[in-house]
Amino acid sequence: MRPSDTNLPARAVRYRRSRTGLVWAGLRRASLTTWLGLCVILLYAILALFAPLIAPYGEADVVSSQPFAAWNSTFLFGTDQLGRDVMSRIIYGARNSVGIAFITTTIAFLLGGTLGILSAISPSWLDHVLSGVADMLMAIPQLIFALILLALFGSSIPSIVMIIAVLNSTQIFRLARSSARNVAVMEFIEVASLRGERTLWIIVREILPNIMPTLIAEFGLRFCFVFLTISALSFLGLGIQPPSADWGTMVRESATFISYGNITPLLPAAAIALLTVSINFVVDWFLDIASGLRDDQ
Amino acid sequence: MISNRAASHNRQNGELLLDIRNLTIEAEGSDGWQPIVKDISLHLRRGEVLGIIGESGAGKSTLGLAALGFTRPGCHFSGGSVTFDGRDLLKESEERRRQLRGTRIAYVAQSAAASFNPAHRLIEQTIECVMMRGLASRGAAVQSATDLFAQMQLPDPETIGDRFPHQVSGGQLQRAMTAMAMTCKPDLIVFDEPTTALDVTTQVEVLASIRKIVEEHHTAALYITHDLAVVAQMAHRIMVLRHGELVEHASTQQMLSEPEQTYTRSLWAVRTLEKPEEPPAETILSVSNVDAHYGDFKALDDISIEVPRGRTVAVVGESGSGKSTLARVISGLLPSAAGAVSLNGVRLAPSLKQRSRDQLRRIQMIYQSADTALNPRQTVMDLVGRPLSFHFGLKGRMQERRVAELLDMVELSDRHIVSFPSELSGGQKQRVAIARAIAADPDVFICDEITSALDQLVQEQILKLLLNLQKEMNKTYLFITHDIATVNAIADQVVVMCRGGIVQQGAKRAVMSSPDHPYTKLLLSAVPQMDPGWLDTAIQNGRLAKQNIE
């Protein structure tokens, strides 16, 4: 079994493997679509973060006396019904739509993921209570439930974020619970508890790395759903409130254009579609390298 | 069906049935197509059984599937021919090959549990092939399946078919699967490790049934296994494969008496490893009058064992005998209902939650399957380093150096420090698991079937490693196993368990040479011997011993 270098070799031994090293190795194997997805996501992130610097006009500024102006050199994508610059609003929309959806999904994951793992490893009564609550929330149609809650708490951005996060966390709870359960019965968990490890350590170091790929794949999908829920709420007038720019609202407001052969309303819709596809490309790639760790090589 | 059976009697023994010539199969790897079966030729006549042995990765199963004209996804035939009854399967259409499979060529897989559909009754699955091809009416098919169940000595052959796969035992399922393969009266059956997953006592019965049915129907068979003693019972001729190449091919008698190649001889040598029995020593771990329950089921009944320091106590018994439960009670995973476990004279709390860190450290478990015992997301450094930092506070360079030392002890190169478990072979993974246990510097190692999932050559290496470690560090092993050869190789004392109780215990030589309990006799007689006539005597002895137990 042993190689010939019995007396410890002069060459430096590599002891630890860095996470960034793994990601780089993965990137080198990434396909064209992955790169495309990564670029698009990066672009959206830059737009969202630096919207005020990039956008030619303000988010809610009425900059033209002419509503519904055609595409021209001053207003690249024309103006909307109030004479606001469509391009600026699309750029700001990245900040509102994407930013809010991202924050919402993240909160939903923190909440659902934590409770799910906790439920998987805790005594059965706690598991029953948590699962019962999740089932109850899931039994009520999401949109209607969201509407009721928004009517109760008022439709401010923090309450939209919290309500949608809680509603979506139920599915993440289910997923995290079932995948953590599969890991929790593994012998390496037994080894850790035989060593006397604390529960928190077992969760963070033994269970989490094993269910992360599943959760991240779900994150990509869940993000798209949250995005659509927010758009639906905006459509009903309870989502992101004017004058804030939101892609869902923008599609609705200029939808009539489409019958005149104007493609302006397709731009925010295309922005949504492009992001969804890109996220899925990246998630696919991530699953590839994550499962590669376990299977091949 | 009747004409079919008559036909099977009319079959002429000795007629050439399968002729594989210069077969090469390639698999797609990270660097292009690599041959996994290289230029293999074999022939098989009616009524003949050819044994194929080799370690895992030798290409045995690939070759077995090739006899059906099939390759696994990611593999392809790149040369040679597979001629079955005068026709080259590789040139036939896929449709034609599909018609042959099941009717004229059948396959029995290693894991019957994974091959049966849990949602259908056994009888439906057994006659499925006959019904699908329209070979017989339903009534006739059920009747002939029932006959086969009876021939395979399944209990209640009339009604067992109405059960679902989970309602019968593993051995019964394996026999049902052989019956399923026989329903269409095939000319050729490929057995791919059909008894590897079974207990020794069950294995004897399945082997006997298979041999009987093959002889009665003049069926040709390819018998794939890694267990030489098993193949010696079944085959007329034996082929030894390694890395996809033929090492040796001879008749069973000749292969057993005078193997030509060194590799073949090394395969033979594994079973002869024997540890000289050492004198008794002071007790380090004592288990006294322990009872344990799973719900209402009493899994352990009044167990008392003394484990001496620096020695190996082997616990043997078939699955369900309570061996692993004993390990769980000692480690505290399953709190005992009564009795006491003491280490170094100090009584341990029943549950691991009430034991101190130091008490936990002193008993280390090593598991059968390193795949599930090593976190697939941690590198060897993380896996072996954690006990060091947890128990001894070793960090940074000190920790790294110690991990390298430990890997050196288990004969692993330090380039594996950054590896994930998936990048290691089965034997290497088990070495990492052993290194992790040594890292905690325990008094007692509990080894739960740690060599059962490994190839025989790797088993031998691991057993030698354990013996060396014991010699160097005077460590104590409680070694749980169902394999008598392993007991010979490593134990000083033997404890025989059956149905949650101890039936016999004592020094190895005493127990092995004069088994005074009928169950011990049965267990010992069930271990396959190299002698080709062993199976017949074993069946006789086994029946007698069983009657004595009941």
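Which residue is the bridge partner of B:Val496 in strand 20 of chain B? Keep that one in mind; the notes below get there. One thing to say up front is that this is a predicted model.

1. **Chain A, the overall look.** Start with chain A, since its make-up is quick to describe: it has eleven helices and zero strands. Reading along the sequence, you simply meet one α after another, α-α-α-α-α-α-α-α-α-α-α. The radius of gyration of chain A is 24 Å, whereas the globule rule gives 19 Å for 297 residues, so chain A is more spread out than a compact globule. If you draw a box along the principal axes, the C-alpha atoms of chain A fill roughly 80 × 55 × 30 Å.

2. **Inside chain A.** Of the 297 residues in chain A, 36% are buried. Now look at contacts in chain A between residues at least 6 apart in sequence: 68% of them join residues at least 24 apart.

3. **One residue to click on: A:Arg177.** You'll find A:Arg177 in helix 7 of chain A, which covers residues 157-184. Is A:Arg177 buried or exposed? It counts as buried, because 24 other C-beta atoms lie within 10 Å and the cut-off for buried is 20 or more. If you ignore its neighbours within four places in sequence, A:Arg177 is in contact with A:Gly116, A:Ser119 and A:Ala120. Try A:Asp127 as well: A:Asp127 and A:Arg177 are 50 residues apart along the chain, and their C-alpha atoms are separated by 9.3 Å.

4. **Chain B, the overall look.** Chain B mixes its elements, with 22 helices and 20 strands. Its radius of gyration is 25 Å, which agrees with the value near 24 Å that a compact globule of 550 residues would have. The box for the C-alpha atoms of chain B, again along the principal axes, is roughly 75 × 55 × 45 Å. Buried residues come to 49% of the 550 in chain B. For contacts in chain B with a separation of 6 or more, 68% are between residues 24 or more positions apart.

5. **Two domains in chain B.** The domain assignment splits chain B into domain 1 (2-272) and domain 2 (283-514). The C-alpha centres of these two domains of chain B are 36 Å apart. Where they meet, ten residues of domain 1 of chain B are in contact with nine residues of domain 2 of chain B. On the domain 1 side, helix 8 (200-216) and helix 11 (262-269) of chain B are the elements that give two or more residues. That side of domain 1 is made of three nonpolar, four polar and three charged residues.

6. **A hairpin in chain B.** Strand 9 (residues 237-242) and strand 10 (residues 245-251) of chain B pair antiparallel, over six bridges. Within this pair, B:Arg242 stands opposite B:Glu245 in strand 10 of chain B. There are two residues between the strands of the hairpin, and B:His243 takes a positive phi near 50°.

7. **An open sheet in chain B.** A bit of background helps here: strands of a sheet pair through backbone hydrogen bonds, either parallel or antiparallel. In chain B, six strands form an open sheet in the order 16-17-18-13-19-20, with mixed pairing. Strand 16 (363-366) and strand 20 (501-507) of chain B are at the edges with a single partner strand each, so one side of each has no neighbour in the sheet. From one strand to the next, the twist averages 15°.

8. **Back to the opening question.** Strand 19 of chain B (residues 493-498) runs antiparallel to strand 20 of chain B, and six bridges join them. The residue you were looking for is B:Gln504, the bridge partner of B:Val496 in strand 20 of chain B.

9. **Where the chains touch.** The contact between the chains takes 24 residues from chain A and 28 residues from chain B. On the chain A side, helix 8 (187-195), helix 9 (199-235) and helix 11 (266-294) each supply at least two residues. Which helix of chain A gives the most to that side? Helix 8 of chain A does, with seven residues. By class, the side of chain A that touches chain B has ten nonpolar, four polar and ten charged residues.

Terms used
Residues are numbered from 1 along each chain as its sequence is written. Chains are lettered from A and ligands numbered from 1 in the order in which they are written. This is a predicted model: local features need pLDDT of at least 70, side-chain atom pairs count only at pLDDT 80 or more; totals for chains, interfaces and linings use all residues. Two residues are in contact if their C-beta atoms, placed from the backbone, lie within 7 Å. Helices (H or I, at least four residues) and strands (E, at least two) are DSSP runs, numbered from the N terminus. Ala, Val, Leu, Ile, Met, Phe, Trp, Tyr, Cys and Pro count as nonpolar, Asp, Glu, Lys and Arg as charged, and the others, Gly among them, as polar. Domain bounds come from an automatic or database domain assignment. Two strands pair if DSSP finds at least two bridges between them. Axes are lines fitted to C-alpha atoms, for helices over the stretch in contact, and angles run from 0 to 180 degrees between N-to-C directions. The radius of gyration is taken over C-alpha atoms; the globule rule is 2.2 Å times the number of residues to the power 0.38. A residue is buried if 20 or more other C-beta atoms lie within 10 Å of its own, exposed if 12 or fewer, and partly exposed in between; C-beta atoms are placed from the backbone.
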